[in-house]
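Reader: I have a model open and would like to learn how to read it. Could you walk me through it?

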Amino acid sequence: MAGNIKLHVEDLTISFKTTQGLVRAVRGVSFDLHEGETLAIVGESGSGKSVTSRTIMGILAGNGIIDDGKIIYEGEDLTKVDEDHFHEIRGNKIGMIFQDPMSSLNPIMKIGKQVTEGMILNGKHLENRYKALFHEAKTTLNRLHREKKSLKVELRANLKAIKTGDSSADGMVLKEECNAALAKVKIAIPAAKKRLVVDKKAAKVAIDLEWKNEQERVTKLVSDVKAKLADSDGEAKQAYVDEIDMLQENLKRFKKVTKRQATERAIEIMDEVGIPDPVRRLNQYPFQFSGGMRQRIVIAIALTASPDVLICDEPTTALDVTIQSQILELINDLKRERNLSVIFITHDLGVVANMADRIGVMYAGKLVELGTAEDVFYNPVHPYTWALLSSMPDLESKERLTAIPGTPPNMLFPPVGDAFADRNSYAMAIDFKEQPPMFKVSETHSAATWLLHPDAPKVEMPEVIRKRIDRMTKNTSEVSK
Ligand SMILES: Nc1ncnc2c1ncn2[C@@H]1O[C@H](COP(=O)(O)OP(=O)(O)OP(=O)(O)O)[C@@H](O)[C@H]1O
Ligand SMILES: [Mg+2]
């Protein structure tokens with residue numbers, strides 16, 4: 001599993017300003033997302049799952065503050081990059097799908113337009129860059145023209161006032177002032193025009209160079225892949241052929257995406273996400289799609305940017321069980337085929353049993369247990385994880401053992417000690433005084449509970465949960481036989 005680290009989140013701390021005070025929504029969350037893995041983040045409502053993921057996407061609500069921490073993606077701290085650059089990343093590298101597909105779709109825009117929109121916008125990379133390079137000169141010139149126009153209007157009004165006799169010395173002064181300002185603008189305009197010509201020329205040179213470099217870069221990559229292609233056979237060969245196609249396609253998009261290209265690509269992607277008859281579907285509106293099909297469209301839109309990280313925030317909660325498992329399967333397939341790194345957010349451990357490589361359990365704005373799916377399902381060590389496991393419906397009896405007693409703390413007043421202490425029947429005196437650090441259980445597994453302190457009394461997972469897990473293990477091994 002452990003590929004390169006794709007995303008590194010360190011000590012992320014977020015609060016919200018509200019009329020009642022600061023809501024401490026996320027309190028020092030750290031994790032790595034490895035290339036090609038699915039990391040599930042599980043926890044009750046309000047534990048900070050969405051806030052964490054929205055911050056990674058750069059779409060934190062206006063009253064949110066990043067108090068501390070880093071989000072490192074490709075060597076850059078996403079909490080610090082400027083808005084323009086962030087757009088590039090959000091548009092192209094990190095994609096997100098939300099719980100309710102209807103709210104991410106525009107109800108009165110045809111599906112085809114919604115799927116192609118982003119591609120057309122993002123695809124004009126060079127064109128946008130070219131315009132950006134002389135943007136300032138152009139806006140300066142426009143401003144001067146506007147000033148000239150309004151000064152002329154003012155001057156005319158002043159002259160009229162003088163002529164019609166309701167003039168005074170003031171009118172004369174105004175006329176003088178207007179004339180002086182107008183003279184200044186008249187001098188500034190040719191200079192601004194000249195600057196625009198110069199900037200445009202320089203922009204053209206810079207863009208030509210950028211285009212040449214990109215072509216060279218891609219040609220080199222293609223020839224590397226071609227060399228690998230020559231030495232391979234079977235499935236690997238096909239993968240290299242696909243990679244070359246993709247590189248060439250991306251190169252085209254670097255320059256410009258036409259509406260037609262975007263539509264062709266939209267049809268391909270809609271087909272990839274399992275939408276039957278995509279050509280006909282392009283001309284329909286969201287309400288003509290079922291819930292499951294709408295979620296597929298939302299996934300298709302996220303994929304048009306070819307992201308390499310996909311954040312799914314409860315993508316199946318609004319769907320019924322059969323459709324839910326189809327969407328999960330789709331996300332799994334896409335992850336494999338496109339080598340995506342996925343963050344999958346849910347409040348239901350059962351949903352991620354078959355798809356997560358690793359699981360992080362969140363409680364009151366903190367990650368309280370983090371490990372491989374096996375660690376968390378078969379050797380959970382945090383009492384909150386025990387509680388989550390026992391509140392999962394049983395595969396055989398379909399019964400939930402117990403709901404977790406009590407409610408999570410109010411994050412306007414986070415507890416001084418372990419936030420779970422109040423609901424934890426194993427809580428010790430220290431739990432009410434001090435927050436536990438992350439204790440390491442193994443190379444892959446850690447948890448924040450004082451029970452892991454060497455001096456703590458040895459507490460075993462409750463027998464009922466142990467039995468349940470044993471049954472689950474038996475079931476899975478029977479399935480895999
Ligand atoms: N804009 C906001 N202003 C104030 N508080 C907020 C805001 N957004 C989120 N919060 C608070 O931050 C905390 C974490 O919320 P978050 O949405 O991340 O929870 P969640 O784990 O995604 O829950 P759910 O399962 O219900 O989606 C909650 O206490 C929530 O009320
Ligand atoms: Mg949420």
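Reader: Which residues come nearest to ligand 1?

Author: Happy to start there. This is a predicted model, where local features need pLDDT of at least 70 and side-chain atom pairs count only at pLDDT 80 or more, while totals for chains, interfaces and linings use all residues. Residues are numbered from 1 along each chain as its sequence is written, and chains are lettered from A and ligands numbered from 1 in the order in which they are written. A residue is near a molecule if its C-beta atom, placed from the backbone, lies within 6 Å of it. Here 16 residues surround ligand 1, and Phe16, Ala25, Ser45, Ser50 and Val51 come nearest.

Reader: Which elements supply at least two residues of that shell?

Author: Helices (H or I, at least four residues) and strands (E, at least two) are DSSP runs, numbered from the N terminus. Strand 1 (5–18), strand 2 (21–34) and helix 1 (49–57) each do so, with helix 1 giving the largest share, three residues.

Reader: Which residues of helix 1 are buried?

Author: Buried means that 20 or more other C-beta atoms lie within 10 Å of the residue's own, with C-beta atoms placed from the backbone. In helix 1 these are Lys49, Val51, Thr52, Ser53, Thr55 and Ile56. Gly58 follows helix 1, with a positive phi near 75°.

Reader: What is the strand order in the open sheet of eight strands?

Author: In general, strands of a sheet pair through backbone hydrogen bonds, either parallel or antiparallel. Two strands count as paired if DSSP finds at least two bridges between them. This open sheet has the order 6-7-8-3-9-10-12-11, with mixed pairing. Its edge strands, each pairing on one side only, are strand 6 (94–97) and strand 11 (439–442).

Reader: How many bridges join strand 7 to strand 8?

Author: Five, between residues 309–313 and residues 341–346, and the two strands run parallel. For one pair to look up, Leu310 has Val342 in strand 8 as its bridge partner.

Reader: Which members of the largest nonpolar core touch the most others?

Author: A nonpolar core is a set of buried Ala, Val, Leu, Ile, Met, Phe, Trp, Tyr and Cys residues joined through C-beta atoms within 7 Å. The largest one has 82 residues, and Val42, Ala300 and Val361 touch the most other members. Helix 11 (residues 291–303) gives this core its largest share, eight residues. Another core, of six residues, lies apart from it and includes Ala137 and Val185.

Note on methods:
A residue is buried if 20 or more other C-beta atoms lie within 10 Å of its own, exposed if 12 or fewer, and partly exposed in between; C-beta atoms are placed from the backbone.
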